[in-house]
Amino acid sequence: MDTNEVRPVRYAGFWMRFWAFLLDLIVVGSIERILINPLFRLLDISLSEFNMFSPVSISSAVIFYLYFVLMTKFFNQTLGKMVFGLKVINLDQEKLTWGTVLFREWIGRFISATIFIGYITVAFLPKKQGLHDLFTDTTVIHTES
């Protein structure tokens with residue numbers, strides 16, 4: 001095979017991204033339990049209070065967003081995406097900037113989750129983009145195996 005051969009981009013569809021996200025939720029939940037539970041017990045902070053501004057809710061949100069922002073910025077993929085052979089790319093073929101990653105993974109993900117159709121758009125758009133991808137000119141593709 002010619003090493004200069006250009007392979008077509010394979011965009012990752014809704015279900016592949018969904019399974020990768022579910023795996024990421026398991027990873028994030030595990031990190032939270034490993035870090036937050038022992039620390040909060042040591043400091044005698046309640047783990048059973050679950051309003052939006054409780055210490056456990058705020059700590060969980062920080063870990064959630066740090067995981068997605070840092071993994072996407074430094075690896076272009078989270079552990080879930082790694083397992084399923086997916087990665088986030090910029091449609092301009094440029095390296096993902098901090099601004100792009102922060103907007104995509106923090107503000108864009110919040111908007112997509114608030115307006116659930118933001119994730120459903122992945123199933124219908126030609127480049128399989130969620131609302132958060134459209135805002136940042138990114139998408140998720142299959143990595144070459």
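**Exercises on a predicted model: salt bridges and helix packing**

R104 and E105 form a salt bridge in this predicted model, with their closest N and O atoms 2.3 Å apart.

**Exercise 1.** Determine which residues are joined into one network by salt bridges that share partners.

*Solution.*
Step 1. A search of the whole structure finds 3 salt bridges. One of them is the pair R104 and E105, and both of these residues are buried.
Step 2. R104 also meets the side chain of D133, at 2.8 Å from N to O. D133 belongs to helix 6 and R104 to helix 4 (residues 98-114), so this salt bridge ties together parts 29 residues apart in sequence.
Step 3. D133 in turn pairs with R17, at 2.7 Å from N to O. This pair links distant parts of the chain, since R17 is in helix 1 and D133 in helix 6 (residues 131-136), 116 residues apart.
Step 4. Through shared partners, R17, R104, E105 and D133 form one network.

**Exercise 2.** Classify R17 as buried or exposed.

*Solution.*
Step 1. The cut-off for buried is under 20% relative accessible area.
Step 2. R17 has 13% relative accessibility and therefore counts as buried.

**Exercise 3.** Describe how helix 1 and helix 2 pack.

*Solution.*
Step 1. Helix 1 (residues 14-42) and helix 2 (residues 55-75) pack at about 135 degrees, and their axes are 10 Å apart.
Step 2. The two helices are therefore oblique to each other, and their crossing is right-handed.
Step 3. The residues of this contact comprise 14 nonpolar, 2 polar and 2 charged. Among them are F21, D24 and L25 in helix 1 and P55, V56 and S59 in helix 2.

Note on methods. Residues numbered from 1 in each chain as written. Predicted model: local features only at pLDDT ≥ 70, side-chain atom pairs only at ≥ 80, totals over all residues. Heavy atoms only, no water. Axes fitted to C-alpha atoms, helices over the stretch in contact; angles between N-to-C directions. Helix = DSSP H or I, 4+ residues; strand = E, 2+ residues; numbered from the N terminus. Parallel < 35°, antiparallel > 145°, perpendicular 65-115°, else oblique. Left-handed = near helix turned anticlockwise from the far one by under 90°. Contact = heavy atoms within 4.5 Å. Nonpolar A, V, L, I, M, F, W, Y, C, P; charged D, E, K, R; others polar. Salt bridge = Lys/Arg side-chain N within 4 Å of Asp/Glu carboxyl O. Buried < 20%, exposed > 50% of the residue type's maximum accessible area, 1.4 Å probe, protein only.
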